[in-house]
Amino acid sequence: MGKTVKQKNERGIGTSRGNARGGTKETMVIAGFNRNSAWPADKRYLLEYKLRDDLSEGCIVEIGGDASDHRQVVDGFRRSQNSDGKSDQELAFSSCKKHGVFFAEIVNTQHPANGELGLFAKKKIAQDAWILNYIGEVCENGKENGQSDYTLKLGMSLAIDAENCGNEARFINDFRNTGVSRPNACFREYRDSKGILRIGIFAMQGIRSGEEILVTYGKGFWEQRGLI
């Protein structure tokens, strides 16, 4: 995928430099969590893509796919940012309820993201089910903030960056060193019913209620940090 989603302390993605080495533990680690966790105060919650102002017409066409009027796509994204006065916390909790997930601070000293945030299933999720989309600011690939730890490559020429704004998908952790031998979810690119290019999170197996949703960040993520 090119760049993969990375981690920052407030969102609790996966593994840190101090505990990432040594591969996956085979003993199960059950993640305790604090359900009273709040949306980070310094991050803007997004219901939909935020398109960077310098995005080219060609990139907009790539996002819009088969849409007859790609400017309508842009206008739709902008209208979606009108939250009717709701706070980021209210928007986040409403979206979590809709998608059957919740984010919470991990409270388990054996978990590599202890004290950080993770994404959990609020109800049972079936294998192959779409869980939610990864949302953030969309820019041309290569023009994203090089210091950002929240980027995913989108399509041929785009990137999504959720460092400063995004949705609850930004909290998803890597499976390594959490006590499981493989991820239970994955990132998958697709086009939705309106033809919009998306990166969705899909269940690779059945996920139980209360279970942490885990992906792999990919080999490139760890290579960039000198951990493999």
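**Exercise 1.** In this predicted model, determine whether C59 is buried or exposed, and establish how many disulfides the structure holds.

*Solution.* Step 1: the relative accessibility of C59 is 3%. Step 2: buried means under 20%, so C59 counts as buried. Step 3: a search of the whole structure returns zero disulfides. Step 4: for C59, the nearest cysteine sulfur belongs to C139 and lies 8.8 Å away, whereas a disulfide requires sulfur atoms within 2.5 Å. C59 is accordingly in no disulfide.

**Exercise 2.** Classify C165 as buried or exposed.

*Solution.* C165 has 8% relative accessibility and therefore counts as buried.

**Exercise 3.** Identify which residues touch the most other members of the largest nonpolar core, and which strand gives the most to this core.

*Solution.* Step 1: the largest nonpolar core has 45 residues. Step 2: the residues that touch the most other members are Y49, I63, I131, Y134, I201 and I213. Step 3: strand β13, residues 197-203, gives the most to this core, contributing four residues. Step 4: another core, of five residues, lies apart from it and includes A104, I106, A113 and F120.

**Exercise 4.** List contacts of I201, leaving aside neighbours within four places in sequence.

*Solution.* The contacts of I201 include A129, W130, I131 and L132. Also among them are A169, I172, A185, C186, F187 and I213.

**Exercise 5.** Describe how strand β12 pairs with β13.

*Solution.* Step 1: β12, residues 185-191, pairs with β13 in the antiparallel sense over seven bridges. Step 2: A185 has A203 of β13 as its bridge partner. Step 3: five residues stand between the strands of this hairpin, in which G195 adopts a positive phi near 85°.

Methods
Residues are numbered from 1 along each chain as its sequence is written. This is a predicted model: local features need pLDDT of at least 70, side-chain atom pairs count only at pLDDT 80 or more; totals for chains, interfaces and linings use all residues. Side-chain values use heavy atoms; hydrogens and water are left out. Buried means under 20% relative accessible area, exposed over 50%, partly exposed in between (1.4 Å probe, protein chains only). A nonpolar core is a set of buried Ala, Val, Leu, Ile, Met, Phe, Trp, Tyr and Cys residues joined through side-chain atoms within 4.5 Å. Helices (H or I, at least four residues) and strands (E, at least two) are DSSP runs, numbered from the N terminus. Contact means heavy atoms within 4.5 Å. Two strands pair if DSSP finds at least two bridges between them.
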